[in-house]
Amino acid sequence: MNRRLLNRFALLLPLVMLAAQSGPAAAQGNASQPISFVVPSAAGGSPDVLSRIITNQWSLNAHRPVIVENKPGAAGNIGVVQVIRGNELTVGYGNINTLAVNRALFSTLPYDVDKDLVPVSHLFNLYNVLIVPVTSSVQSVQDLLAQARKNPGKLSYGASGVGTTGHMSGELLNHLEKLDTVFVPYQGGPAALQDLMGGRLDYMFINSSEAVPLIKSGKVRALAVTQLGKRIEQLPDVPTMDEAGVKGYEIVSWGGVVGNRKMTPEQAKALAADLDKVLKMPNVRESLQGLGAQPVGGTPEDFKQLIARETKKWTEIIQSSKIAKLN
């Protein structure tokens, strides 16, 4: 490989860490070796779909394979551990669950966010939508609140696992409105949605990327979105939770990229800059926004500060809601 091409790869993909490697392959840069991008959830869900939009373009920009590996299980903990145990060519998707909520929800974690992971880039923000079955008599958030207060301990909502934003959205509503409702955890989102549409659940909070097609096809009814301050572009007729009377309500299902401790601060900054370029590309922005995700970007320090703020927020909510810690 000529020096000009080698330099190009070194700039685009700081994870290569040529100076730290040894042997003939390292001397040549081995640019065909793929980057592993671990998504700690199942294929087809929002994290997977949105991550692939970004990694596909990243791979094209870098002229190097970026392979998405789905490692679901244990509320995302299995995937995070794989990132930590990976080599210098391993990064992963980290979000509100694995980087903030799980720290307060689990009595012990197989990783330490601050010590084992390196924040790289805040990729996007995604918001949830509160939905009910189309056959439900509930027409608004206030209708739902009235029914929940009239029937304490009777209304149920589901989500794809404990600690997910679907679960936490319901806990935040209970916390702010002093409600008593039943949470039903599922192995995956599709099973929960089937039970909702079949009338076996009363309501759900799901990502807008999943909700919009169902709403537009008339399969579910939208009551509100969890963005604070303005409605989401894809659902201009659906109010925010705040507009609907739950003042101050906001859930941001943010996601980003993390590396392991083999990544240096300089490499994290360089990778964040490369991902910023990807996020600014019109085709990437349009694809993300079409699914209700708002591209963000920024520096590793920006992402680190977001993780700290969200950890504090969810620790307080989980403690005040007396949610039992998981083992």
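This passage walks through the predicted model, from its overall dimensions to its two sheets and a few of its side-chain pairs.

The protein is built from 13 helices and eleven strands. Along its principal axes, the C-alpha trace spans about 70 × 40 × 30 Å. The radius of gyration is 21 Å, which agrees with the value near 20 Å that a compact globule of 327 residues would have. Of these 327 residues, 54% count as buried. Contacts that reach far along the chain are well represented: among those between residues at least 6 apart in sequence, 77% join residues at least 24 apart.

A good place to begin is the sheet of six strands. This sheet is open, its strands follow the order 2-1-3-10-4-11, and the pairing is mixed. Strand 2 (66-70) and strand 11 (293-295) form the edges, each pairing on one side only. From one strand to the next, the twist averages 30°. In general, strands of a sheet pair through backbone hydrogen bonds, in either a parallel or an antiparallel manner. Both manners can be followed here. Strand 1 (residues 35-39) runs parallel to strand 2, and five bridges join the two. Within this pairing, V39 stands opposite N70 of strand 2. Strand 4 (residues 117-126) and strand 10 (residues 255-260), on the other hand, run antiparallel and are joined by six bridges. Here F124 is found opposite G255 of strand 10.

Several helices accompany this sheet. Strand 1, helix 3 and strand 2 together make a β-α-β unit, and this unit is right-handed. Helix 11 (residues 265-279) lies across strand 3 (90-95), strand 4, strand 10 and strand 11, and it runs at about 15° to strand 4. Helix 4 (residues 77-85) offers a view of the interior, with N77, G79, V80, V81 and V83 all buried. The elements covering the buried residues of helix 4 include strand 1, strand 3, helix 5, strand 4 and strand 10.

The other sheet to visit has five strands. It too is open with mixed pairing, and its strands come in the order 7-6-8-5-9. Its edges are strand 7 (182-185) and strand 9 (220-225), each of which pairs on one side only. Neighbouring strands of this sheet are turned by 30° against each other on average, direction ignored. At one end of the order, strand 6 (residues 156-159) pairs with strand 7 in the parallel sense over four bridges. The bridge partner of Y157 in strand 7 is F183.

Two helices lie across strands of this five-stranded sheet. Helix 7 (residues 141-150) crosses strand 5 (128-133), strand 8 (203-207) and strand 9, running at about 95° to strand 9. Helix 10 (residues 208-216) likewise lies across strand 5, strand 8 and strand 9, with an angle of about 115° to strand 8.

Charged side chains add a finer level of detail. Side chains of opposite charge can pair when their charged atoms come close. The structure holds six salt bridges, and three of them are described here. One of the six joins the side chains of D48 and R52, at 2.8 Å from N to O. These residues are four apart in helix 3 (residues 46-62), so about one helical turn separates them. D48 is buried, with a relative accessible area of 4%, while R52 counts as partly exposed at 31%.

A similar spacing is found in helix 13 (residues 300-320), where K312 and E316 are four residues apart and thus separated by about one helical turn. Their side chains meet in a salt bridge of 2.9 Å, N to O. K312 is exposed, with a relative accessible area of 54%, and E316 is partly exposed at 44%. The spacing in both pairs fits a general rule. An α-helix has 3.6 residues a turn, so residues three or four places apart point the same way.

The salt bridge between R103 and D114, at 2.7 Å from N to O, links two separate helices. R103 lies in helix 5 (residues 96-105) and D114 in helix 6 (residues 113-116), so this pair ties together parts that are eleven residues apart in sequence. Both partners are partly exposed, R103 with a relative accessible area of 26% and D114 with one of 48%.

Note on methods: Residues numbered from 1 in each chain as written. Predicted model: local features only at pLDDT ≥ 70, side-chain atom pairs only at ≥ 80, totals over all residues. Heavy atoms only, no water. Pairing = 2+ DSSP bridges. Axes fitted to C-alpha atoms, helices over the stretch in contact; angles between N-to-C directions. Contact = heavy atoms within 4.5 Å. Salt bridge = Lys/Arg side-chain N within 4 Å of Asp/Glu carboxyl O. Buried < 20%, exposed > 50% of the residue type's maximum accessible area, 1.4 Å probe, protein only. Right-handed = clockwise from strand over helix to strand, strands pointing away. Rg over C-alpha atoms; globule rule 2.2 N^0.38 Å.
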